[in-house]
Amino acid sequence: MPRVLVVDDNQDILTACRLCLKPHVADVLTLANPTELMGVLKVNKVDLVLLDMNFTRDASSGEEGIFYLKQIIAAYPQLPVVMMTAYADVNLAVRAMHLGARDFIAKPWDNQQLIDAVAYVSDNKHTANKANPAIKSPEAPTLIGQSEPMQAVQRLMEKVASSDANVLILGESGTGKEVVAKSIHRMSQRSQQAFVAVDMGTLPDNLFESELFGYRKGAFTGAMRDSDGRIVHAHQGTLFLDELGNLPLVQQGKLLTVLQNREVTAVGALEAKAVDIRLICATNENLQQQVLDGKFRQDLFYRINTVEIHLPPLRERGEDIDLLLDYYCQQYAAHYGRGELSITASDRKWLRTYNWPGNVRELAHSVERAVVLADSDTLDFSQLARGSSAAMQEAAMPGTTTQGTAIQDASMHNNGAGEDEFLLEYVERKTIQQALQFYRGNVSHAAKALGLTRGAMYRRMEKYGL
Ligand SMILES: Nc1ncnc2c1ncn2[C@@H]1O[C@H](COP(=O)(O)OP(=O)(O)OP(=O)(O)O)[C@@H](O)[C@H]1O
């Protein structure tokens with residue numbers, strides 16, 4: 001049973017959470033002052049954090065909640081965080097989940113919803129959100145792909161795996177750079193050692209050194225014990241630095257020193273520690289151009305790109321689209337306990353020509369959504385098709401595809417990549433469901449709480465089959 005920390009500056013909410021959760025979890029810790037959050041996490045073992053979005057200092061923007069969420073994720077990437085939002089905060093909930101919150105619950109909730117949310121996240125604590133798992137588990141999904149460009153990638157991976165050469169993986173977002181990194185690790189002689197992934201894109205500047213190099217007790221306020229950094233964790237294994245293109249120049253210099261000397265000095269330490277790591281980096285930026293623009297150090301670039309692997313975008317992988325559709329259809333059908341599901345020939349034809357801006361990640365999410373929403377044993381991709389034509393229309397004539405309310409506003413900001421769309425729909429559906437449950441099925445009350453007209457509410461209920 002999990003130990004839960006509830007962070008909210010409203011004492012009534014803390015008391016209500018404690019009373020409601022106590023019989024269902026190992027322990028409930030409560031904290032009214034969020035500035036003490038990181039200190040509390042340092043000295044208490046906690047399995048889940050329930051974090052309010054809106055603190056009184058900054059009552060309505062949610063920025064403070066986002067700020068604390070980022071802090072937790074940077075310092076404790078595996079710790080699940082469930083955000084507590086208000087009904088109108090659909091945008092914020094989507095943003096928080098993008099940043100790595102595992103789930104959200106909208107206020108006001110009824111007790112069962114709170115208990116269910118905590119139980120769900122603790123049961124699924126290993127199914128990490130994409131933005132969250134900075135130290136990622138080494139079980140890599142199979143790299144699916146038979147197309148000519150993917151066969152070339154496979155051949156290169158096999159060659160490079162047996163060496164200790166540094167590898168730079170380049171490709172658009174969602175093309176599978178992390179899957180490739182994990183596969184190389186698995187095929188390498190280091191496979192029995194750690195695979196440590198660090199998302200440089202979400203690592204705050206001020207935590208760069210302490211996270212990567214570690215720190216000694218007393219090195220700075222709050223450093224209450226010695227801590228090894230991620231590089232030491234990866235000793236004898238593989239260190240995967242994701243989103244390297246975003247690293248500021250000063251930090252590039254520090255990283256280069258470690259790579260050159262093959263040793264790290266923890267913050268506050270007098271002596272360096274020798275490390276033996278295999279380095280794999282990934283980025284969707286054009287690093288060569290960044291070198292030319294003076295944004296990326298040339299010496300670091302040469303050190304990390306001993307072997308470069310270019311992952312082609314999904315739209316250039318031809319028959320792989322069919323393979324991936326089948327693979328994910330099977331996976332999700334099994335996961336959601338559905339029987340055999342199929343995709344019509346005409347849908348397949350369209351899916352082969354769709355340009356998949358979010359690449360394999362978008363395909364996986366689209367199939368998952370279609371499986372979840374399937375009313376028959378044939379998957380329906382019309383939502384994806386509608387989304388893509390709306391996005392094209394929006395690109396051609398901005399402003400023509402959007403309307404008014406809080407919930408509709410949220411979709412305006414998220415009409416781009418498939419992942420955003422998926423999260424938005426998840427958040428929207430769950431918020432509506434929760435409001436209906438809270439108001440015991442009274443549509444008018446729920447619609448009012450959500451800031452929707454009854455018509456808009458019914459349209460959404462129909463869309464989500466509620
Ligand atoms: N060839 C593939 N076969 C099966 N699954 C894949 C493949 N490529 C990617 N995926 C899946 O697609 C999703 C995105 O992959 P991954 O995170 O490796 O992409 P990425 O290029 O690292 O993205 P980003 O640049 O956004 O970090 C994951 O769920 C991954 O399992």
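Two strands count as paired here if DSSP finds at least two bridges between them. The model discussed below is predicted.

Q: How many bridges join strand 1 and strand 3, and in which sense do the two strands pair?
A: Let's start with the cut-off, which is at least two bridges. Strand 1 covers residues 3-7 and strand 3 covers residues 48-52. Their pairing is parallel, and the number of bridges is four.

Q: Which residue of strand 3 is the bridge partner of Leu-5?
A: Strand 1, residues 3-7, pairs with strand 3, residues 48-52. Within strand 3, the bridge partner of Leu-5 is Val-49.

Q: Which strands stand at the edges of the open sheet, and why is one side of each left without a neighbour?
A: The five strands run in the order 2-1-3-4-5, with parallel pairing. Each edge strand has a single partner strand, so one side has no neighbour in the sheet. The edge strands are strand 2 (27-31) and strand 5 (103-107).

Q: What angle does the direction of helix 1 make with that of strand 2?
A: Helix 1, residues 11-21, packs on the sheet and touches strand 1, strand 2 and strand 3. Its direction and that of strand 2 make an angle of about 175 degrees.

Q: Which domains does the ligand lie between?
A: Happily, the shell around the ligand tells us. Among its 18 residues, the closest are Ile-144, Gly-176, Lys-177, Glu-178 and Val-360. Helix 7 (177-187) and helix 15 (359-373) each give two or more residues to this shell. Two domains both contribute residues, so the ligand lies between them: domain 2 (148-312) and domain 3 (318-463).

Terms used. Residues are numbered from 1 along each chain as its sequence is written. This is a predicted model: local features need pLDDT of at least 70, side-chain atom pairs count only at pLDDT 80 or more; totals for chains, interfaces and linings use all residues. Two residues are in contact if their C-beta atoms, placed from the backbone, lie within 7 Å. Axes are lines fitted to C-alpha atoms, for helices over the stretch in contact, and angles run from 0 to 180 degrees between N-to-C directions. A residue is near a molecule or strand if its C-beta atom, placed from the backbone, lies within 6 Å of it. Domain bounds come from an automatic or database domain assignment.
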